[in-house]
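This report walks through the packing of one protein chain, moving from its aromatic rings to its helix and then to its strands. Please keep the sequence and the coordinates at hand while reading.

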Amino acid sequence: MAEAKKYPTPVTNPETAPFWEAAKAGKFLIKRCTACGERHYFPRSICPFCFSDKTEWEEASGEATVYTYSLMRKSPSGPYAIAYVTLKEGPSLQTNIVDCDLEKIKIGQKVKLVWKPTDGAPLPFFTAA
């Protein structure tokens with residue numbers, strides 16, 4: 001039987017601690033700027049659009065669409081897919097596509113959030129919806 005993949009424990013800091021605490025409860029948080037209204041990921045206290053520090057945590061649906069992807073077929077740990085996905089709420093993020101047939105991934109495909117355990121907070125990945 002194949003050994004379960006071990007994921008690294010995320011490094012937290014005071015700015016990202018609410019994100020990782022929510023992840024432990026299965027909630028995927030993004031930030032929304034109250035000055036310009038834009039949502040962003042990776043959550044940070046300064047809006048990357050208008051540079052305001054008026055940001056709030058907001059729970060995202062975990063629904064996304066594959067914007068682009070690349071299959072890494074020759075890796076010591078085995079094949080994997082890295083992708084940019086666009087969340088239903090708007091932000092795009094880089095992630096891995098997991099737990100599906102990598103050869104069937106397509107641009108425009110609907111994907112959903114899955115959490116992978118670590119020794120600390122779980123890590124967010126995406127799989128076919």
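Which residues do ring pairs link into a cluster? The model is a predicted one, and in it the cluster joined by ring pairs consists of F19, W20, F28, Y41, F42, W115 and F126.

**Aromatic pairs**

Searching the whole structure gives 9 aromatic pairs. One of them is formed by F19 and W20, whose rings meet edge-to-face with 4.8 Å from centre to centre and 90 degrees between the planes. Both F19 and W20 are buried. Another pair is that of F28 and W115, where the centres lie 6.1 Å apart and the planes stand at 65 degrees, so this pair too is classed as edge-to-face. The pair of F28 and W115 links distant parts of the chain, since F28 belongs to the loop between α1 (17–24) and β1 (29–33) while W115 belongs to strand β7 (residues 110–116), 87 residues apart. As for accessibility, F28 counts as buried at 1% relative accessibility, whereas W115, with a relative accessible area of 22%, is partly exposed.

**The helix α1 and what it packs against**

Which side of α1 is turned inward can be read from its buried residues. F19, W20, A22 and A23 are buried in this helix. Around the helix axis they cover an arc of only 160 degrees, and therefore they lie on the same side of α1. The buried residues of α1 pack against β1, β3, β7 and β8 (123–128). Just after the helix, G26 adopts a positive phi of about 80 degrees.

**The open sheet β2-β1-β3**

An open sheet is built from 3 strands in the order β2-β1-β3, with antiparallel pairing. At its edges stand β2 (39–40) and β3 (55–59), each of which has a single partner strand, so that one side of each is left without a neighbour in the sheet. Between β1 and β2, which run antiparallel, there are 2 bridges, and K31 is placed opposite H40 in β2. K31 also takes part in a contact of another kind, for its charged end sits over the ring of W57, 4.6 Å from the ring centre.

Is H40 buried or exposed? This residue of strand β2 counts as buried, because its relative accessibility is 2%. The side chain of H40 reaches the backbone oxygen of R44 at 3.2 Å. Leaving aside residues up to four places away in sequence, H40 touches I30, K31, I46, C47, P48, F49, T55 and P91.

**Strands β4 to β7**

Strand β5 (residues 80–87) has two faces, a covered one with A81, A83, V85 and L87 and an uncovered one with Y80, I82, Y84 and T86. Strand β4 (residues 63–72) and β5 run antiparallel and are joined by 8 bridges. β5 also pairs with strand β6 (residues 92–97), again in the antiparallel sense, over 6 bridges. In the hairpin of β5 and β6, where 4 residues lie between the strands, G90 has a positive phi near 125 degrees. β4 is in turn joined to β7 by 3 bridges, and these strands run antiparallel.

Residues that stand opposite each other in these pairings include the following.

| Residue | Bridge partner | Strand of the partner |
|---|---|---|
| Y69 | A83 | β5 |
| S70 | I82 | β5 |
| A81 | I97 | β6 |
| A64 | V111 | β7 |

Read together with the two faces of β5, the table places the partner of Y69, which is A83, on the covered face, while the partner of S70, which is I82, belongs to the uncovered face. A81, which stands opposite I97 in β6, is likewise listed on the covered face.

**The loop between β4 and β5**

Where does K74 lie? K74 is found in the loop between β4 and β5. At 84% relative accessibility, above the cut-off of 50% for exposed residues, K74 counts as exposed. K74 and T86 are 12 residues apart along the chain, and their C-alpha atoms are separated by 26 Å. T86 itself is part of the uncovered face of β5.

Definitions and conventions:
Residues numbered from 1 in each chain as written. Predicted model: local features only at pLDDT ≥ 70, side-chain atom pairs only at ≥ 80, totals over all residues. Heavy atoms only, no water. Phe/Tyr/Trp six-rings, centres within 6.5 Å; stacked < 30°, edge-to-face > 60°. Buried < 20%, exposed > 50% of the residue type's maximum accessible area, 1.4 Å probe, protein only. Lys NZ or Arg CZ within 6 Å of the ring centre and 35° of its normal. Pairing = 2+ DSSP bridges. Arc of directions from axis to C-beta. Contact = heavy atoms within 4.5 Å. Polar contact = N/O pair within 3.5 Å; in protein donor to acceptor, adjacent residues only side chain to side chain.
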